Amino acid sequence: MAEPVARPGTAAAILLRLGAAFTYPAFRNLWTAAFTSAAGTWMQRFAQQWLIFDLTGSAFYLGLDAFVGAVPLLLFTLIGGVTADRYDRRYLLMASQMLQMACALVLTLLVLFDAVHLGYILALSFVTGLAQAFGGPAFQSLIPALVPRHTLPNAVALNSIQFNLAQSIGPAIGGLVFTSLGLAACFGLNSVSFLVVIVVLALMQAQPANRERNKTVAEDLKGGLQYVGQGGALLALTILAITTTSLGLPLRAFLPVFAGDPETLSRMMTTLGTGAVTGALVVAWLGKFERMGLTLLQVLAAFGLLVATFASLPVGPWSYVLLFLAGNALLIVFSLTASLVQLTVPDELRGRVMSIYLTAFRGGLPLGSLVSGALTRYAPTETVVAVNAGLLVLVAAYFLVRSHGVREL
């Protein structure tokens, strides 16, 4: 199919540059399905956060739920990466979606029959995280097979856009569904959303990668760890990922404390997600450019300053401006980090190396949420979030000075 003709500077040229990866049908279809599923997930996350806060009234249990839901990512994502390098990634993704759909359906029934209990919620969060531990590396490893290498940074940014556009729309829809139909409807609609991804993956005609299984799972895992552990920029990017998620993302878990009611929480989550979409659009427009690593570190420092300011001020109109800018900066950091990792890793190690990155990226959230949640018993939540953000600024400053290969990328 011939690409649309557009002169530089026209609206069509701008759209073509922003959505270059959308010209490939397989990526476009998977993006649409993943967006639908992610919107349902964020709708459930909004409802689940409020359900826990309503049951317990405690920031500690919000942090505990985030920890329990994400700790399988820390424990099993590396195995998921090895599995993604050895088996058909589409089937792994389909199994992951089916398991998450079952968890959402169970939670729907628990709420409908008034049998919900904090222990049940935590157990379902753990199983959902387990499914994501195997689905995440498979999804990340599948993206480079759907687009050419030169379009990969754009595809990574567009993938960030779909997730964070869903983060913006999902809670907003969740707020409407919650007030009109109740909590059970939020969980039920999420369970249905997984069907879209399952159907798209079943119909996808993707050529499977060549996979050698001469080595054991342990040997494959060791090879990936050794490659990343050699040091240099890839190891530094992995450290930055776990630092950002452990110190920066607890803000999301503790938003109910700042909000105080479901409507304000919905608006705050929507604002944070809208800012994230804007940040991902910036990266999609830029594509691959010089000094990506330096830009990453500068924006990371700005994100820390924005979060510290938000946590230090009383909630008001400025809070939404700060959340929007923080979401913008956070997604620029995430998109640039993921793009640099994808561009650095060889194809034969992609599943394993991406699983190591995802372990750091996602695994930092349960550790940070658990520690931060425990600290809220001894200090105000606002203080804990502000201190986390200050530490993040120091981390960015360290890599700006010492680099370890990141500043030169």
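The crossing of helices α2 and α7 is left-handed, and in this predicted model the two helices offer a convenient place to begin. Helix α2 covers residues 25-56 and helix α7 covers residues 183-203, and the pair packs at an angle of about 160° with axes 8 Å apart. That angle makes α2 roughly antiparallel to α7, because angles over 145 degrees are counted in that way.

Helix α2 also meets helix α3, which is made of residues 59-86, and here the axes come within 9 Å and cross at roughly 140°. This makes α2 oblique to α3, and the crossing of these two helices is right-handed, whereas that of α2 and α7 is left-handed. Two packed helices are described by the angle between their axes and by the distance between those axes.

Within α2 sits leucine 30, which counts as buried at a relative accessibility of 4%. Its C-alpha atom is separated by 28 Å from that of leucine 183, a residue 153 positions away along the chain.

Charged side chains come next. The structure holds one salt bridge, and the partners are the side chains of aspartate 88 and arginine 90, which meet at 3.7 Å, counted from N to O. The two partners are covered to unlike degrees: aspartate 88 is partly exposed, with a relative accessible area of 22%, while arginine 90 counts as buried at 12%. The cut-off matters here, because buried means under 20% relative accessible area, and the value of 22% for aspartate 88 puts that residue in the partly exposed class.

Helix α4, which runs over residues 89-112, contains leucine 109, a partly exposed residue with a relative accessible area of 42%. Leucine 109 belongs to a nonpolar patch on the surface, formed together with Leu105, Leu112 and Phe113, and these residues have about 440 Å² of accessible area together.

The loop between α4 and α5, the latter made of residues 118-142, is the place of aspartate 114. This residue has a positive phi of about 55° although it is not a glycine, and at 69% relative accessibility aspartate 114 counts as exposed.

Helix α6, formed by residues 152-180, holds alanine 172, and alanine 155 is found in α6 as well. Alanine 172 counts as partly exposed at 29% relative accessibility, but alanine 155 counts as buried at 0%.

Another buried residue is valine 341, with a relative accessible area of 1%, and its place is in helix α14, which takes in residues 317-344.

The table below sets out C-alpha separations for several pairs of residues, beside their spacing along the chain.

| Pair | Spacing along the chain | C-alpha separation |
|---|---|---|
| Valine 341 and methionine 354 | 13 residues | 7.8 Å |
| Alanine 155 and proline 144 | 11 residues | 8.3 Å |
| Leucine 30 and leucine 183 | 153 residues | 28 Å |
| Alanine 172 and glycine 81 | 91 residues | 33 Å |

Read with the accessibility values, the table links places already described. Alanine 155, buried at 0%, has its C-alpha atom 8.3 Å from that of proline 144, and valine 341, buried at 1%, has its C-alpha atom 7.8 Å from that of methionine 354. For the partly exposed alanine 172, the C-alpha atom of glycine 81 is 33 Å away.

Methods:
Residues are numbered from 1 along each chain as its sequence is written. This is a predicted model: local features need pLDDT of at least 70, side-chain atom pairs count only at pLDDT 80 or more; totals for chains, interfaces and linings use all residues. Side-chain values use heavy atoms; hydrogens and water are left out. A salt bridge is a side-chain nitrogen of Lys or Arg within 4 Å of a carboxyl oxygen of Asp or Glu. Buried means under 20% relative accessible area, exposed over 50%, partly exposed in between (1.4 Å probe, protein chains only). Patches are made of residues with over 30% relative accessible area and no salt bridge: like charges are joined within 9 Å, nonpolar side chains (Val, Leu, Ile, Met, Phe, Trp, Tyr) within 5 Å. Accessible areas come from the Shrake-Rupley method with a 1.4 Å probe; for residues, only the protein chains shown count as cover. Helices (H or I, at least four residues) and strands (E, at least two) are DSSP runs, numbered from the N terminus. Axes are lines fitted to C-alpha atoms, for helices over the stretch in contact, and angles run from 0 to 180 degrees between N-to-C directions. Angles under 35 degrees count as roughly parallel, over 145 as roughly antiparallel, 65 to 115 as roughly perpendicular and the rest as oblique. A crossing is left-handed if the near helix is turned anticlockwise from the far one by less than a right angle, and right-handed if clockwise.
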